[in-house]
Every structure is written in structure tokens, then in C-alpha cells.
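Here are my notes on the two-chain model you sent. They are set out as numbered points, to be read alongside the coordinates.

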Amino acid sequence: MTKTPLLGMASADRRLIWLAASALAVLAILPAFGSALAVDKLTYLFILIMFATMWNLLAGYAGLVSVGQQAFVGLGGYAMVRMVDAGLPPFPAIFIAALCTGVVAWAMSWFVLRMKAGEFAIATWVIAEAIRAMVSFDPIIQGETGTSITALNAYAPEMRRLTIYLLALATTALMVWGSWKLLQGRTGAEAQAIRDDEEAAASVGISTFQVKQRIYILASIGCAVAGTLWLASAITFQPRTGFGVQWSVFMLFMVLVGGIGTFIGPILGALLFFALQEIFGDFGAWYLAGVGIVAILFALYLPRGIVGLWLDKGRDEPLTMRKRLGI
Amino acid sequence: MSQIRAEPMLRARGVNKSYGALKVLLDVDFQVAAGEAVGIVGPNGAGKTTLFGALAGSFPITSGEIYLQGQNLAGTSSGERCRMGLARTYQVPRPFLGMTVFENVHVAGMSGAGLSSADAAAEGADILRDTGLLALANRPTAALGLLDRKRLEVARALATKPHVILLDEIGGGLTEAELGALVDLIRQLQASGMTVVWIEHILHALLRVVTRLVCMAEGRVLAEGNPREVMAHPEVQRAYLGSSPE
């Protein structure tokens with residue numbers, strides 16, 4: 001057999017990974033000299049990157065266009081409230097709550113993954129609303145009033161801020177790296193085949209349901225981690241906010257504007273969305289108008305998102321997942 | 001009629017498939033010996049492609065049994081059948097359009113044949129060379145024309161390292177030279193021990209490969225056996241060509 005190797009990573013990509021690793025190191029020590037406001041804002045940026053990366057894994061790579069990921073944001077928050085109420089320390093509760101949410105996602109997957117395209121999208125949204133209604137019946141949540149995780153007040157505000165920041169940074173790095181490894185491997189290739197043609201994917205030996213299930217559960221746990229970290233920084237849990245469809249809308253915006261189905265696109269989309277919130281955030285309704293105008297401009301002039309700047313010239317975007325044969 | 005060994009490679013027994021009141025397959029009995037090349041002919045709507053779908057597990061059959069190397073395939077998914085060694089191509093090519101030509105073959109090697117990424121890449125490159133697609137390996141499949149898409153159907157099925165390959169009208173639209181190359185490729189596959197079942201309207205190409213012919217019409221097997229005898233069969237003439245010989 002002739003050995004025709006896969007082309008290795010481009011040197012520009014290797015440089016980019018070194019840059020990202022350096023940025024990670026700087027971010028890890030940033031709280032030592034950054035203001036409390038900067039730390040809070042960066043924590044929020046990390047949460048956005050997690051949401052975008054997870055939704056891209058789901059919709060961009062596996063073709064599972066969900067508008068119900070808020071189910072896991074809210075469930076993660078709710079599970080955390082319950083665990084802290086039962087006496088668990090709040091920080092470990094963040095991750096245990098996310099894992100419990102993964103179990104719920106596993107149970108839901110048997111139902112929702114039987115559906116396709118539009119049906120799937122609507123089912124995920126309806127289920128998220130149903131879970132929100134059920135959660136608000138729990139007396140501890142007090143209906144729409146919500147509740148606060150007062151146990152978090154036991155920590156000094158600086159300590160709490162620093163812990164949440166470092167946890168968010170570490171989980172973002174882990175999620176981005178984990179999805180890189182997943183997409184580089186067999187699961188990534190199989191997910192893309194399923195996204196493109198599920199029946200044909202099965203005909204080449206892919207266990208389509210299992211691959212979709214794996215990605216659905218991972219993306220749900222990822223959203224739950226991001227959601228509970230957000231709750232930990234906000235302290236107050238309200239069903240309408242935790243289970244709000246705005247989470248899915250944010251995810252959709254970041255991924256589409258950055259570049260769906262690419263590794264770097266959602267990260268760029270999260271950075272842009274964060275910048276938009278910073279620029280327009282103080283202008284009330286104008287903030288929504290600004291985000292809407294940006295979405296329209298992208299749809300008209302850069303439909304493939306920011307990565308279209310490379311793809312439209314026939315080049316691979318940075319950190320591409322494309323496997324090239326050296327011919 | 002060629003000799004069928006005691007243990008056929010692939011066997012369908014009493015297979016029926018209905019969509020509501022519409023009966024698409026009616027008590028189809030069909031078998032292929034290991035290493036054999038069988039052609040399936042018949043007019044449009046005869047149930048040929050539905051038979052492939054039933055064999056490959058693309059949908060559940062209404063009744064009947066299908067065996068691969070003596071193993072009953074009841075309850076096995078399309079993916080499992082592929083991993084057991086049964087590969088198919090589609091009449092209307094269905095490439096993974098968001099992926100490159102090479103990535104299509106690469107994923108089939110990893111999932112269908114259970115190869116590592118590196119081995120699937122090496123094997124995939126060989127298959128692309130054999131099917132004349134190597135120069136297009138890094139192109140997006142969405143940019144391929146019909147002929148190259150048909151080639152990719154065969155390449156992707158071969159990447160799963162099948163024991164049996166079901167080829168669905170892969171010759172249509174090809175020039176004589178391209179058809180000749182395709183026939184050579186299929187003969188090579190058969191010579192290497194692969195079992196071939198080929199649905200094809202281009203009879204002269206089919207007859208250069210197969211040793212046995214099955215003719216279907218209206219969901220039934222009309223006749224099977226030696227290709228010339230089958231084609232001369234009056235019922236086949238009537239169903240397939242619309243007239244019976246004088």
C-alpha cells in the first residue's frame with residue numbers, strides 16, 4: 001500500500017495555538033493586576049465562548065439545530081440551587097449539577113433525537129418551556145420570583161469573583177480543547193457526515209443515533225456548566241431568566257456571525273457579540289437594534305460569517321478541521 | 001445457472017415491502033454466493049432499488065428474512081450491516097456535501113472498516129487512485145459533477161472494506177471509455193474475492209461482469225440464471241422490453 005500521509009497543521013495555525021496558550025497564561029494571572037470590573041466582564045466573555053462552542057458542536061457539526069439549550073442552562077442552575085440547599089458547597093455543586101443535567105439530556109435524547117430538522121428545533125424549545133414551568137412549581141424556587149444562592153455570600157466578594165473567574169477560564173479552555181480533540185477524531189468526521197446526509201452516513205457504517213446522542217449530551221453538559229457559572233456570578237436564580245430563550249438566541253447569533261461549522265468561527269462570534277454588548281449595552285433598546293443591524297449586515301455581505309473572509313477567497317479558515325491529503 | 005454454494009454470502013427469503021396498500025416487493029427470494037457477480041435488471045419501478053434498500057437495512061421490511069453469511073440481519077441497523085461487510089451505493093449519488101472527496105472516503109474507512117485515522121487515510125488514497133479521483137481528493141464534493149459523484153459513491157462504499165457491494169446504476173451517464181474503466185474496476189474487485197450485486201440498465205457493461213442475472217418486474221423476481229437465457233425468457237422480454245420475441 002502506498003502511504004499517502006495527511007497534511008499536517010499549517011505553521012500559521014501552530015503559531016495561533018501558541019498565541020492562545022500564551023493568552024491563557026496571561027488571563028490566568030490577570031486578576032492579580034486587573035480591576036474587579038474587568039474580571040467580571042472577562043468571566044462573562046468566557047461563558048459566551050462556552051455557549052458558542054457548545055452550540056456549534058451541536059448545530060454546526062452534528063446538524064442538530066436546537067433552540068432549547070436554555071433547558072440545560074436553567075436545569076443546571078436549578079440543580080445547583082437544590083444541591084446547595086441540601087448542604088453541598090456551591091463550587092463543587094456547579095459541576096455536579098452540570099453532570100446531573102447530562103443525565104436529563106441522556107433521557108431526553110431518546111425522544112428528541114428521533115425528530116429531524118424543524119421538528120427537533122421546536123421540540124427542544126417546547127421541552128425547555130415545560131421544564132421551566134415544572135421548576136417554577138418547586139416551592140423553593142417561589143414561582144417566577146426565584147431564589148438566591150445565599151451560601152455564596154459566605155465567601156468574601158473578591159474571593160468569590162476570583163474563584164468563578166478561574167473556574168470559568170479553566171472550563172472554557174477545557175471545553176475549547178475538548179471540542180478540538182473531538183472534532184479532529186472519528187466522532188467529528190461522523191457528526192459531519194450525519195449532518196450532511198444521515199441515511200448515507202448510516203450506509204458507511206456510522207451508528208448515527210449514538211454519535212448524535214454523544215454530542216447532544218456533551219453540548220448539554222457544556223451549556224449547563226456555563227449556565228451555572230453564570231448563576232454563581234449572578235447569585236439569583238429566576239426560572240424566566242435561567243430558562244429564557246435568549247440563551248439560545250445568543251448562541252445562534254454568535255455561531256452564525258462567527259461562522260457555523262468551523263472551529264474558530266464561534267469564538268470570533270463570541271468576541272464580536274461581547275464587543276457589541278459593551279458598545280451598545282448602555283443604550284437600552286438601541287442595544288437590540290445594534291445587534292439586529294449587525295446580524296442583517298452579516299446575512300447580506302458575509303453570509304458565512306467572519307470566517308467567510310478566508311473561505312470566500314478559497315482558503316481554509318484558521319485552525320481548520322479540514323483533513324487534506326498530501327497529493 | 002451457476003452453482004450456488006450451500007452457504008450463500010447474501011440471501012433474501014420471502015421479502016415483502018409495502019407502503020400502505022402499495023406493495024413494492026412481493027415474496028422476493030434472492031441469493032448470491034461468495035465471490036459471485038450478479039446483475040439485477042428490470043423496468044423502472046420493478047423494485048430493484050427497494051430490494052437494495054431492504055438488503056442494506058435502509059428501512060424495515062414488512063416481512064421476510066435476510067441473511068449475510070448465514071447470519072439473520074433482523075433487527076440490525078444499516079450501520080451495523082455495513083460494518084458486517086455489506087456496502088451499497090445510491091442511484092442518485094448522496095455524497096457528504098460539506099466535506100471534501102477525501103474526507104468522504106476517510107470517514108467511511110474509519111466507521112465502516114474500523115480503521116484508525118492514519119490507516120483510513122492511506123487506504124482512502126489508494127481507493128481514490130483506483131477510482132480516478134485522487135487528483136480531486138481535496139476538492140469539496142459540492143463542486144463535483146455527476147460522473148465524479150458516481151465514482152465517489154463506489155469509492156466510499158469500497159472504503160468500508162465490504163464483502164458484498166451493492167451497486168445501483170453506477171454506469172448511467174458515463175462515456176464508453178469511462179464505462180470500460182468502471183467495468184475493469186468491478187472485475188478487479190470480483191477477482192479479489194468481493195461479491196458484487198449490480199443493478200444496471202446498460203446491459204453490455206453488465207454482461208461483461210456478471211455470471212448470473214436476476215430480472216425483476218412489479219416487485220417480483222421474474223427469472224434468474226444464465227444472462228442470455230434470462231434475457232431470452234418471454235416474460236422478461238415482455239416486462240423489460242415491452243414486447244415478446246416473435
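**Notes on helix packing, chains and contacts**

1. Helices α2(A) and α6(A) cross in a left-handed sense. The model is a predicted one, and the remarks below should be read as computed from it.

2. The geometry of that pair is as follows. Helix α2 of chain A covers residues 36–61, and its axis runs 9 Å from that of α6(A), at an angle of about 25°. Angles under 35 degrees count as roughly parallel, and α2(A) and α6(A) are therefore roughly parallel to each other.

3. As for composition, the contact of α2(A) with α6(A) is made up of 17 nonpolar, 5 polar and 2 charged residues.

4. Helix α6 of chain A, residues 157–184, also packs on helix α9 of chain A, residues 208–234. Here the axes are 10 Å apart and the angle is about 165°. With the limit for roughly antiparallel set at over 145 degrees, α6(A) and α9(A) are therefore roughly antiparallel to each other. The crossing of α6(A) past α9(A) is left-handed.

5. Which residues make the contact between α6(A) and α9(A)? From α6(A) come A:Ile164, A:Leu167, A:Ala168, A:Thr171 and A:Met175. On the α9(A) side they meet A:Gly222, A:Val225, A:Leu229, A:Ala232 and A:Ser233. Sorted by class, this contact holds 7 nonpolar and 3 polar residues, with no charged ones.

6. Chain A as a whole contains 14 helices and 2 strands. Its radius of gyration is 20 Å, close to the 20 Å that the globule rule gives for 327 residues, so chain A is as compact as a globular protein of that length. Along the principal axes, the C-alpha atoms of chain A fill a box of roughly 65 × 45 × 40 Å.

7. Chain B has 9 helices and 10 strands. For its 246 residues a compact globule would have a radius of gyration near 18 Å, and the value for chain B, 18 Å, agrees. The C-alpha trace of chain B spans about 55 × 40 × 35 Å along its principal axes.

8. Chain B is divided into two parts. Domain 1 is assembled from 1–85 + 163–174 + 192–246, while domain 2 is the stretch 93–161. Taken over C-alpha atoms, the centres of domain 1 of chain B and domain 2 of chain B are 25 Å apart.

9. The contact between these domains takes 7 residues from domain 1 of chain B and 9 residues from domain 2 of chain B. On the domain 1 side, α2 (78–83) and β7 (164–168) of chain B each supply at least two residues. By class, the residues on that side of domain 1 of chain B are 5 nonpolar, 1 polar and 1 charged.

10. How many residues does each chain give to the contact between chain A and chain B? Chain A gives 28 residues and chain B gives 34 residues. On the chain A side, the elements giving two or more residues are α7 (186–196) and α8 (198–203) of chain A. Of the elements, α7(A) gives the most to this side, with 7 residues.

11. The side of chain A that touches chain B comprises 10 nonpolar, 8 polar and 10 charged residues. For comparison within chain A, the contact of α6(A) with α9(A) has no charged residues, and the contact of α2(A) with α6(A) has 2 charged residues.

Conventions: Residues are numbered from 1 along each chain as its sequence is written. Chains are lettered from A and ligands numbered from 1 in the order in which they are written. This is a predicted model: local features need pLDDT of at least 70, side-chain atom pairs count only at pLDDT 80 or more; totals for chains, interfaces and linings use all residues. Domain bounds come from an automatic or database domain assignment. Two residues are in contact if their C-beta atoms, placed from the backbone, lie within 7 Å. Helices (H or I, at least four residues) and strands (E, at least two) are DSSP runs, numbered from the N terminus. Ala, Val, Leu, Ile, Met, Phe, Trp, Tyr, Cys and Pro count as nonpolar, Asp, Glu, Lys and Arg as charged, and the others, Gly among them, as polar. Axes are lines fitted to C-alpha atoms, for helices over the stretch in contact, and angles run from 0 to 180 degrees between N-to-C directions. Angles under 35 degrees count as roughly parallel, over 145 as roughly antiparallel, 65 to 115 as roughly perpendicular and the rest as oblique. A crossing is left-handed if the near helix is turned anticlockwise from the far one by less than a right angle, and right-handed if clockwise. The radius of gyration is taken over C-alpha atoms; the globule rule is 2.2 Å times the number of residues to the power 0.38.
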